[in-house]
Every structure is written in C-alpha cells, then in structure tokens.
Amino acid sequence: EVLQNHVLEAKVFHTEYGTGVAILTGAHRFSLTTNIDDLKLRRMPEVPGLQKPPSCWAVLSQDRVTIVLLAVGQDLYLLDNTSCSVVVSEPRRVSEGSRAVCSPPHSLAGPFPCPPAVPWAALQPPALAGRSFPLLSHGQACTAGTPGPILARGKEVRIEWVREASQEIFKIASMAPGALLLEAQKEYEKESQKADEYLREIKDQKLLPEAVSQCIEAAGYEHEPDTQKSLLRAASFGKCFIDKFPPESFVRMCQDLRVLNAIRDYQIGIPLTFTQYKRLTIEVLLDRLVLRRLYPLAIRICEYLRLSEIQGVSRILAHWACYKVQQKDKSDEEVAHAINQKLGDTPGISYSEIASRAYDCGRTELAIKLLEYEPRSGEQVPLLLKMKRSKLALSKAIESGDTDLVYTVVLHLKNELNRGTFFMTLQNQPVALSLYRQ
C-alpha cells in the first residue's frame, strides 16, 4: 500500500517499548509501529467516509495502548486497534486549521510555539472516551471539561493549571495564610503597623508554618522574577518568627528558581515550568544544554548546585572535548593543547575516550597526541592497537610495568606480523623478548 500510494505524513512518538512511527498513506489509511528497533507494522481501522487527509491528527500512547486521534471536518475521531469512534460531539466542534497537541501525562500542555491567528486544540491523553477537552483559540480560552483555571502567556502560548497555592495567595480578598503573610511583608517594607496585625492573625491561628510553605511553593510556579522575589521575601520574613523552621525547602527553591530563570532567558530559550524541571531532573537538563553546546552555562549550573565533578563538570568537559576534536579548522597540536589546558587532571576525565572520538573522526595523529595525556596505560594500549600503532603500544605497555599488558601486545603482534618481522620487533625490546621466551 505504501509503495502504491506513498506516505502523505508521518509522526514520531514515544512509547514504553521505544520510539514509534505512525504514517498516513495516500489511501488515507493509518499504519504504525510502536518500536522501530523491532519493526511490526500495524494497520489501523479505516475511517468511514475519509476522502481527504484529516485537518490534524496526533498519536497518543499510554499504558501500552497506542491510538490515533484525528479531526475530519469539524468532528474528532479516535482510532484504536479494532474500531473507529467519534469522541467529540456537536457541542465541541473543532474549527478549521486546528492543530492537535498531545501533552505529557498529568499536565494540560507544555510550551510550544503557536503563530498568531492560528487556532489549536490542546488535548489530555488518558482514555479519551467519554471525556471532554478544552478547545482553545489564540487569544481566548474555554475551560470546558477542565478541573480548574487555565493560564495562557504571551506569543509563545503556554497552557498550565493555576496551582492551588497560587490561587490561595492571589485570589481577590483571600484570607489564606500565604496571602496574609505576603501582605504582612509588604506592609513591613512600608514601615506600617498593619504588618503586625496581619502577622498576629496568622500566629493566633498557628498557621505561620503553612503560610511560609505556601509562599515557597507558589514562588516555584511563577515565571516573573519580581513575583518570585516578592513571595520568597515573604517566606523569609515569616521564617524569622518560627522556631527551628527547616531551611532546606527555602534554600532548594531559591536554587531551582535561579537555574530556571537562567535557562528561560531569551538567549537560551528553554522555558521549562517548575514541574517539568522536577520531572526531567537536573541531569537531563544538563544533557539538553550539552546537546545545544551551551557548555559554560551547564558548568556554571553544576558549580552553583555543587554537583560532584564526575556527575557534573567532568562529564560536561568530556562532551566539550569530544565536540572540539571534530573542529577541523585547527591543527592537531592546537586542539590537543586546548583540550589539555581546559581538562588538565580533572577527576573522571578519560583522555582515551576523547582520543577514540578523534580516531573515529579520522584524526589519528590527534588521537595519539591525546593519549599522551592519558595516565592509565591500560586505557592507552587497546586504542593504540586498534589504530594499528602496535610498536608504540608495545613501548607503552613496557613502560607501565604490567606484564599482562605486555603479553597482550606481544600476542597481538604475533598474530599481526609475519615471523621475521615479529622477532625483529622483539629484538629491539629486550623486556618483551624475555617475557615471550618465558
């Protein structure tokens, strides 16, 4: 079918089995595989009356079930293994030109660009049947079928739930502990006696620890640094009146927000939410920065969070060095010197791995120069043998004083060279010859 009708469109998605791909053919039929490494193509049921490509479609995968969601005209259909069913009825029509967006589990939608005047539909994954969905257009929002308010920001539209802590603090005439503490701190800055009144009201109800926790939590979900600072100042103010308040949550939030604000900067452009950041973990975030070659920022974050060198700085420098060896506009000497100057004797750095990357890039001489900085002979010798520098490998093995390593090279030479050349080589290396005789 694909050969006859060609592929009109394809989408990549992720499942518990691996990376999946779904295709729409010229016959307006869907086929998909849930794992490209174990290719088993599954043809989905036919959509009744589908004579042209759907206006938009998305693949949803959860709990080992993969389904296709598509819009035909103004209706929304669901394709599973056995059937095609309508999931959006008359009251929830899909407008022309919409885009279907599949969000991560337990959240409405992550950040994605949405051009002005392009309407789109944000859809939540699980089971879908019998569920209602929020349908949004640019500049307006509808909360039908959603459990709480939705927030849309700026030109890069971000849709997210307004968290309970934020609602409690910022809703009009709120008497929540966090709201009162925020007002107390603002009045204190104005040197007003109202600060004491607000503070007494919280303390009388023994809600001061809850007020501090609310302000810390709400700060994490704010994207404007000024609002973050205001909430954290309130939390800091409230902590002063609590005996033995554990500081870890406050300190950790300050650290997390500094990291988030750094990567949200327009020059970096990774606008993660606090929830996304926590689910991704700092290791994954560092990997993303490394893949974008934002090495200085990644290293500053590691140093700021005081991550272990092997987990943080060493790993990033190793990535940088592996990228550096691919730059062919500089000589082998310049590149090797630059790498050694930057890396030095940093713990956890393997020069042999960097040399191996240089060899894979066709820069054998650079690889040999980098191996000179590798202190472990056991790491040098196998790579030298791989590069067919057997005599140099033998010299390094003898220098190491490791007889097993010498035997490894001698046996390799015996298999690689003819008998005469082999013995001539050993004649120049008395230690190797003696070991071979033994």
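Pro177, Gly178, Ala179 and Leu181 of helix H3 meet Leu208, Glu210, Ala211, Val212, Gln214 and Cys215 of helix H5, where contact means heavy atoms within 4.5 Å. By class, the residues of this contact are seven nonpolar, two polar and one charged. In that scheme Ala, Val, Leu, Ile, Met, Phe, Trp, Tyr, Cys and Pro count as nonpolar, Asp, Glu, Lys and Arg as charged, and the others, Gly among them, as polar.

All of this comes from a predicted model, in which local features need pLDDT of at least 70 and side-chain atom pairs count only at pLDDT 80 or more, while totals for chains, interfaces and linings use all residues. Residues are numbered from 1 along each chain as its sequence is written, and side-chain values use heavy atoms, with hydrogens and water left out.

Back to our pair of helices. Two packed helices are described by the angle between their axes and the distance between the axes. H3 spans residues 177-189 and H5 residues 208-220; their axes come within 8 Å and cross at roughly 80 degrees. H3 and H5 are therefore roughly perpendicular to each other. Here, angles under 35 degrees count as roughly parallel, over 145 as roughly antiparallel, 65 to 115 as roughly perpendicular and the rest as oblique. The axes are lines fitted to C-alpha atoms, for helices over the stretch in contact, and angles run from 0 to 180 degrees between N-to-C directions.

Two loop residues deserve a look in this part of the chain. Most residues other than glycine have a negative phi. Glu191 and Lys206 have positive values, as the table shows.

| Residue | Place | Phi | Relative accessible area |
|---|---|---|---|
| Glu191 | loop between H3 and H4 (194-204) | about 60 degrees | 78%, exposed |
| Lys206 | loop between H4 and H5 | about 55 degrees | 75%, exposed |

For these labels, buried means under 20% relative accessible area, exposed over 50% and partly exposed in between (1.4 Å probe, protein chains only).

Now for the start of the chain. Glu1 sits in the segment before helix H1 (2-5) and, at 31% relative accessibility, counts as partly exposed. Beyond its neighbours within four places in sequence, Glu1 is in contact with His6, Thr25, Ala27, Arg29 and Arg43. Its C-alpha atom is 8.6 Å from that of Gly26, 25 residues away along the chain.

Asn261, in helix H7 (residues 248-264), is partly exposed as well, with a relative accessible area of 27%. Leaving aside neighbours within four places in sequence, Asn261 touches Pro225 and Gln228. The C-alpha atoms of Asn261 and Glu224 are separated by 8.8 Å, with their positions 37 residues apart in the chain. In helix H9 (residues 295-305) we find Glu303, which is exposed at 51%. Glu303 and Val313, ten residues apart in sequence, have their C-alpha atoms 7.6 Å apart.

Finally, the whole chain. The protein chain has 18 helices and 13 strands, with helices (H or I, at least four residues) and strands (E, at least two) being DSSP runs numbered from the N terminus. Of its 438 residues, 43% are buried. Mean pLDDT, the predictor's confidence in each residue from 0 to 100, is 78 for the chain, and 81% of residues reach 70 or more. Please read residues 104-155 with that in mind: pLDDT stays under 50 there, and the model has 121 contacts beyond four places in sequence for this stretch.
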